[in-house]
Amino acid sequence: MRILHTSDWHLNDKLGRIPRQGDIVKRLEEIANYLDEHRVNVMVVAGDLFSQYNRLEELKSAVENMNEVFKPFLLGGGTIVTISGNHDNEAFFNLMSLTLDLAVPIDPNKPGARPRGRLYLAARPTYLLLEDNAGQQVQFVLMPYPTSSRYLKDEKTKYSSMDEKNSLLHQAMLQNFVIY
């Protein structure tokens, strides 16, 4: 299986007040060409797909750009796996993840590899088994950025030190593991 690892796309980000999306789309097109040229099966985006401060219209535009650039890769059986990062808007990332799960539901109790040719968004710790055309399987353990708001949802959760906070985050990550 051929895997391309990327991260920190920060779609629709700005440099000060200067929009960067035109340059970002050109880099995405370079990545899409690389996927095709090297017959990549899975592309991983390890955090910061979007920028936390994007407005809804900017997020919509970013998703449209991704759709235009990567739809041929997905239609050809390629798979995109993304993990939420510290700059991703958690509410938007979760909304997209839940929407994908409704559009293409996957039974977590059914064993085996998950379907190719789709986008997977990991907003929580996730186990994902994928298989290439030759039948080679790869297990992905996806661990989104461990923010307090993502994992310590109980507003009463208090901690007195960074060590205690990290311990609570670790426990919460293990309890929130999802199997696709």
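Colleague: Which strands and helices do the buried residues of H2 pack against?
Modeller: This is a predicted model. The buried residues of H2 are Glu58, Leu59, Ala62, Asn65, Met66, Val69, Phe70 and Phe73. They pack against helix H1 (21-37), helix H3 (90-103), strand E2 (14-15), strand E4 (42-46) and strand E5 (79-83).

Colleague: What span is expected for helix H2, and what does the helix reach from its first C-alpha to its last?
Modeller: H2 covers residues 56-75, which is 20 residues. At 1.5 Å a residue, 28 Å is expected. The helix comes close to that, reaching 27 Å.

Colleague: Where in H2 does the kink lie?
Modeller: The kink is about 50°. Proline 72 follows shortly after the site. Val69 is also among the buried residues of H2. The kink lies at valine 69.

Colleague: Which residue with a positive phi follows H2?
Modeller: Helix H2 ends at residue 75. The residue in question has a phi near 95°. It is glycine 77.

Colleague: Is leucine 56 buried or exposed?
Modeller: Leucine 56 lies in helix H2. Its C-alpha is 12 Å from that of methionine 96, a residue 40 places away along the chain. The cut-off for exposed is over 50% relative accessible area. Leucine 56 has 63%, so the residue is exposed.

Colleague: How many salt bridges does the count come to?
Modeller: Side chains of opposite charge can pair when their charged atoms come close. Here the rule asks for a nitrogen of Lys or Arg within 4 Å of a carboxyl oxygen of Asp or Glu. The pair of lysine 60 and glutamate 64 meets it at 2.7 Å. The count comes to three.

Colleague: Which residue does lysine 60 meet in a salt bridge?
Modeller: An α-helix has 3.6 residues a turn, so residues three or four places apart point the same way. Lysine 60 and its partner both lie in H2, four residues apart. Lysine 60 is partly exposed at 43%, and the partner is partly exposed at 37%. That partner is glutamate 64.

Colleague: What N to O distance separates glutamate 30 and arginine 27 in their salt bridge?
Modeller: The two residues are three apart in helix H1, about one helical turn. Glutamate 30 is partly exposed, at 46% relative accessibility. Arginine 27 is partly exposed too, at 41%. Their N to O distance is 2.9 Å.

Colleague: How many residues apart in sequence are the parts tied together by aspartate 101 and arginine 118?
Modeller: Aspartate 101 forms a salt bridge with arginine 118, with 3.8 Å between the closest N and O atoms. Aspartate 101 sits in helix H3 and arginine 118 in the loop between H3 and E6, so the bridge ties together parts that are 17 residues apart.

Colleague: Is arginine 118 buried or partly exposed?
Modeller: Its salt-bridge partner, aspartate 101, is partly exposed at 29% relative accessibility. Buried means under 20%. Arginine 118 has 6%, so this residue counts as buried.

Colleague: Which residues of the largest nonpolar core touch the most other members?
Modeller: This core has 27 residues. H1, E4, H2, H3 and E6 each supply at least two of them. Contacts of tryptophan 9 include Ile24, Leu28, Met43, Met66 and Phe70. The residues touching the most other members are Trp9, Leu11, Met43, Leu49, Phe50 and Phe70.

Colleague: Which residue in E6 is the bridge partner of valine 81?
Modeller: Valine 81 has its place in strand E5. E5 and E6 pair in the parallel sense over four bridges. The bridge partner of valine 81 is tyrosine 120.

Colleague: What is the relative accessible area of valine 81?
Modeller: Valine 81 touches Val42, Met43, Val44, Val45, Tyr120, Leu128, Leu130 and Leu142, leaving aside residues up to four places away in sequence. The C-alpha of valine 138, 57 residues away along the chain, is 13 Å from that of valine 81. Valine 81 is buried, and its relative accessible area is 0%.

Colleague: Which residues of strand E6 are buried on its two sides?
Modeller: In a regular strand the side chains alternate between the two faces of the sheet. E6 spans residues 119-122, and both of its faces are covered. The buried residues are Leu119 and Leu121 on one side, and on the other Tyr120 and Ala122.

Key. Residues are numbered from 1 along each chain as its sequence is written. This is a predicted model: local features need pLDDT of at least 70, side-chain atom pairs count only at pLDDT 80 or more; totals for chains, interfaces and linings use all residues. Side-chain values use heavy atoms; hydrogens and water are left out. The expected span of a helix is 1.5 Å times one less than its number of residues. The bend at a residue is the angle between axes fitted to the seven residues ending there and the seven starting there. Buried means under 20% relative accessible area, exposed over 50%, partly exposed in between (1.4 Å probe, protein chains only). Contact means heavy atoms within 4.5 Å. Two strands pair if DSSP finds at least two bridges between them. A salt bridge is a side-chain nitrogen of Lys or Arg within 4 Å of a carboxyl oxygen of Asp or Glu. A nonpolar core is a set of buried Ala, Val, Leu, Ile, Met, Phe, Trp, Tyr and Cys residues joined through side-chain atoms within 4.5 Å.
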